[in-house]
Amino acid sequence: MKHAPAAPPPATAPRGRCAAWFHALRPLHWVKNLLVFVPAVAAHRFDRTTLDAAMAMFAAMGLAASAIYVVNDIADREADRRHARKRRRPFASGELKPAAGWAVAAALLALAATIAITLLPAAATIALGGYVILAMSYSFAIKRRVGLDGAVLAVLYAVRILAGGAATGIEVSSWLLALSLALFASLALAKRHAEAREAAPGSADRLPGRGYRPRDLGWLRVAGSVCGAAASAGLVFYAASLSGARYYARPGWLYVLAPIVLVWVLRVWTRAAGGRMHDDPLVDAMTDLPGLALVATGVLVFVAAF
């Protein structure tokens, strides 16, 4: 005998329709797509044509990302209903209907494709398409694969940088790509660590919609710390390389940036290990004042290297 699906839990605070869609589309998360400007900044290309292309890529990537968030939340709504915080997401709580979500996601993807096809080079359109395909694959299958999900999350961040390079016609150096992948892998593993800590201590159950168990905390912490240290080391090698000297008047400042990155990553992992890290890295980064101070210092050091 089949059991009827569990009724969606009520949201703790009723939202209007606009507020529910704002939550579902996550426009604040578009800040992640600022990575498309990294190639222009690294190459010191600030002309109008370059910045216009990067801005068009930013808009297309943002629209696509919002569509993917909607699709992910629709696919995850049953697992989200068993999560203390995620059960308040609009599709899990029943505030928004899946049919409406599919329609909005399709419209956003069509608009993103239109921007890319009409305003950007073919390589940028291909990069955007690759990002959407990989992100959809992650939402429906890969995120349940232990280890592989963290690697794919890191690649999704790196693809944003590659898309920025494709849009502006700037080649992304192997150094930049390598240290970016290492840094993003560390942050992706920190996200999984924060989620795994939410399960009951000693529980052998997997997290709802994920493949991790509390017993994975140890290797997640080790692997994430190693990736963070590799990102810091990558900055040192980049500063010592000919490419670093070519693009920066004072590349020695990049040596100073390396320990700042390392301290910031160690802070992320200290917070994750202590259970003080929010399972959404963006929320955590924006509310951690000492961490924001480290980021601001790093930006100033990077500017000093120009």
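At what angle do the axes of helix H8 (residues 148-168) and H9 cross, and within what distance do they come? Select both helices: the axes cross at roughly 135 degrees and come within 8 Å. Axes here are lines fitted to C-alpha atoms, for helices over the stretch in contact, and angles run from 0 to 180 degrees between N-to-C directions.

Before going on, note that this is a predicted model, in which local features need pLDDT of at least 70 and side-chain atom pairs count only at pLDDT 80 or more, while totals for chains, interfaces and linings use all residues. Residues are numbered from 1 along each chain as its sequence is written, and side-chain values use heavy atoms, with hydrogens and water left out.

**Stop 1: H8 and H9**

The crossing makes H8 oblique to H9 (under 35 degrees is roughly parallel, over 145 roughly antiparallel, 65 to 115 roughly perpendicular, the rest oblique). H8 passes H9 in a right-handed crossing (the near helix is turned clockwise from the far one by less than a right angle; anticlockwise is left-handed). On H8, select the contact residues, including Gly150, Leu153, Ala154 and Ile161; on H9, their counterparts include Leu177, Leu181, Phe184 and Ala188. Contact means heavy atoms within 4.5 Å. By class, this contact holds 13 nonpolar, 2 polar and 3 charged residues (nonpolar: Ala, Val, Leu, Ile, Met, Phe, Trp, Tyr, Cys and Pro; charged: Asp, Glu, Lys and Arg; polar: the others, Gly among them).

**Stop 2: H9 and H12**

Keep helix H9 (residues 174-196) and add helix H12 (residues 253-273); they pack at an angle of about 10 degrees, with axes 9 Å apart. H9 and H12 are therefore roughly parallel to each other, and H9 passes H12 in a left-handed crossing. The residues to show include Leu183, Leu187 and His193 of H9, and Trp264, Val268 and Trp269 of H12. This contact has 10 nonpolar residues, 2 polar and no charged.

**Stop 3: the loop between H1 and H2**

Go to Arg26, in the loop between H1 and H2. Its phi is near 50 degrees, a positive value in a residue other than glycine. Most residues other than glycine have a negative phi. Arg26 counts as buried because its relative accessibility is 11% (buried is under 20% relative accessible area, exposed over 50%, partly exposed in between, with a 1.4 Å probe and protein chains only).

Next select His29, in the loop between helix H1 (17-25) and helix H2 (38-42). His29 counts as buried, at 12% relative accessibility. A polar contact of 3.4 Å joins its side chain to that of Tyr69 (a pair of N or O atoms within 3.5 Å; within protein, one must be able to donate a hydrogen and the other to accept it, and residues adjacent in sequence count only if both atoms are side-chain atoms). Ala65 is 36 residues from His29 in sequence, with 8.5 Å between their C-alpha atoms.

**Stop 4: His44 and Asn72**

His44 sits in the loop between H2 and H3 and has a positive phi of about 60 degrees although it is not a glycine. At 26% relative accessibility, His44 counts as partly exposed. In helix H3 (residues 48-75), select Asn72, which is buried, with a relative accessible area of 12%. Leaving aside neighbours within four places in sequence, Asn72 is in contact with Ser139 and Lys143.

**Stop 5: the whole chain**

Zoom out: the chain has 14 helices and 0 strands (DSSP runs numbered from the N terminus: helices are H or I of at least four residues, strands E of at least two). Of its 306 residues, 48% count as buried.
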